[in-house]
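Student: I have a structure open and would like to practise reading its packing with you. Where shall we begin?

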Amino acid sequence: KKVFYNSITVNLPKNIFQLLLGAVLYVAVFGVINPLQLVLAIAGLGLSYSSVYMFNDIMDREEDAMDPDKRSWKLIANGSLKVEGAISIYALLLLSGLLISFVVNTLFGFMMVALLFLNFLHSAQGIRLKKRKLPTVINITLIEFIKYSSGWFALTSNVSKFPLWLVLMFAIIYTAGYIAYKFKFDGRTIKDSKPMFAVIGALVLLLFLGSLFSYGFPLAMVILVVLSFIVFGAKYAFWHHENGFNQMLMLELIILPLIVVSFLLLSLPSVGAANAALVEFLKSIMH
């Protein structure tokens, strides 16, 4: 169980799907993909970013040891892994991941370096941005924006066609979920932070509408909204008794694949034709 259920393995699928979103958006725009480049990018991100969780476990080992939930999947906190071994794993993951990432391309490599630096600010003793709400919001948004866009820039350096507002929207939504998770999904968190969540909600709505009219995949966005409502309805019906980590994990492992699938559906001829018709309709509204 400890081999398959730890801070690295539980987060790896999420990170891969975040990278895949950028790759799927690339396919939606350009219609082609380099499979080898994508596989290398997945390996680069998977290895280098996994070092972040080991670093975090080293920094938080004493705090994690006092949390029953975290002890079940934090290897250092539950005594399954010594700090010396964790440092060796951290170095191996970091170096191998960065090496592969720079093989993908220079830009992708430096994106991984930026991710590692931002996560250092997030967890390192003496800095620990994660202990302050506003710095956490800014830092996590930057981290998630890089992850969501990494699949795109692993395949191209084209910035002009990059769906900036859409990727930023996903990053901000993730940040809101992260803040809620950190406070155990306590409704009081939102109540005590109404201005911040109001700004986040308004910004997400603006980015969604801007993306709907600006980019060529409005039907995928509509499908995603419908599927998300279904998933969140199921969450409140069946999962509301789960602890915060399990809720966050289940949502990540369901919502993120749905995001990827929603955009992949555009490759089907009938869905692509319906999307093209919706694009023309939105253009007529704009004019």
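Tutor: Let us begin with the word contact, which means heavy atoms within 4.5 Å. Keep in mind that this is a predicted model.

Student: Good. With which residues is Phe 263 in contact, leaving aside its neighbours within four places in sequence?

Tutor: The partners of Phe 263 are Leu 21, Val 24, Leu 25, Leu 166, Phe 170, Phe 217, Ala 220 and Met 221. Phe 263 also has a place in the largest nonpolar core, a set of 79 residues.

Student: Which residues touch the most other members of that core?

Tutor: Leu 166, Phe 170 and Phe 263 do. Helix H8 gives the most to this core, contributing 11 residues.

Student: Let me look at Leu 166, then. Where is Leu 166 found, and is Leu 166 buried or exposed?

Tutor: Leu 166 is found in helix H8. A residue is called buried when its relative accessible area is under 20%. Leu 166 comes out at 0% relative accessibility and therefore counts as buried.

Student: Which residues does Leu 166 touch, not counting those up to four places away in sequence?

Tutor: Leu 166 touches Leu 25, Ser 211, Tyr 215, Phe 217, Met 221 and Phe 263. Take Met 221 as an example of a contact across the sequence: Leu 166 and Met 221 are 55 residues apart along the chain, with 9.5 Å between their C-alpha atoms.

Student: Now helix pairs. At what angle do H1 and H8 pack?

Tutor: For a pair of helices, look at the angle and then at the handedness. Helix H1, residues 7–30, and helix H8, residues 164–182, pack at about 160°, and their axes are 11 Å apart. Angles over 145 degrees count as roughly antiparallel, and H1 and H8 are therefore roughly antiparallel to each other. Their crossing is right-handed.

Student: Which residues make the contact of H1 with H8?

Tutor: From H1 they are Lys 14, Gln 18, Leu 21 and Leu 25, and from H8 they are Leu 166, Val 167, Phe 170 and Tyr 174. By class, the residues of this contact are 6 nonpolar, 1 polar and 1 charged.

Student: May I try the same reading on H6 and H7? At what angle do their axes cross?

Tutor: Please do. The axes of helix H6, residues 106–123, and helix H7, residues 133–155, cross at roughly 165° and come within 10 Å. That makes H6 roughly antiparallel to H7. H6 passes H7 in a left-handed crossing, whereas the crossing of H1 and H8 is right-handed.

Student: And which residues make the contact of H6 with H7?

Tutor: On the H6 side, Leu 107, Phe 108, Met 111 and Met 112 are among them, as are Leu 115 and Leu 118. The H7 side includes Ile 140, Ile 143, Ile 146, Lys 147 and Phe 153. Sorted by class, the contact has 13 nonpolar, 5 polar and 1 charged residues.

Student: What about the loop between H6 and H7? What is phi of Arg 128?

Tutor: Arg 128 has its place in that loop. Its phi is near 40°, a positive value in a residue other than glycine. Arg 128 counts as buried, at 12% relative accessibility.

Student: Are other charged residues worth checking? Is Asp 64 buried or exposed?

Tutor: Asp 64 is in helix H3, residues 61–65, and Asp 64 is buried, with a relative accessible area of 1%. Beyond its neighbours within four places in sequence, Asp 64 is in contact with Asp 57, Lys 70, Arg 71, Lys 74 and Ala 77.

Student: Lys 70 is on that list. Where is Lys 70 found?

Tutor: Lys 70 is found in helix H4, residues 68–71, and counts as buried at 16% relative accessibility. With neighbours within four places again left aside, Lys 70 is in contact with Asp 64 and Lys 182.

Student: Let me finish with helix H5. Is Leu 93 buried or exposed?

Tutor: Leu 93 lies in H5, residues 83–104, and is buried, with a relative accessible area of 14%. Ser 88 lies in H5 too, but Ser 88 is partly exposed, at 48%.

Student: Which residues does Leu 93 touch, not counting those up to four places away in sequence?

Tutor: Leu 93 touches Ile 8, Leu 47, Ser 48, Ser 50 and Ser 51.

Key: Residues numbered from 1 in each chain as written. Predicted model: local features only at pLDDT ≥ 70, side-chain atom pairs only at ≥ 80, totals over all residues. Heavy atoms only, no water. Axes fitted to C-alpha atoms, helices over the stretch in contact; angles between N-to-C directions. Helix = DSSP H or I, 4+ residues; strand = E, 2+ residues; numbered from the N terminus. Parallel < 35°, antiparallel > 145°, perpendicular 65-115°, else oblique. Left-handed = near helix turned anticlockwise from the far one by under 90°. Nonpolar A, V, L, I, M, F, W, Y, C, P; charged D, E, K, R; others polar. Core = buried A, V, L, I, M, F, W, Y, C linked by side-chain atoms within 4.5 Å. Buried < 20%, exposed > 50% of the residue type's maximum accessible area, 1.4 Å probe, protein only.
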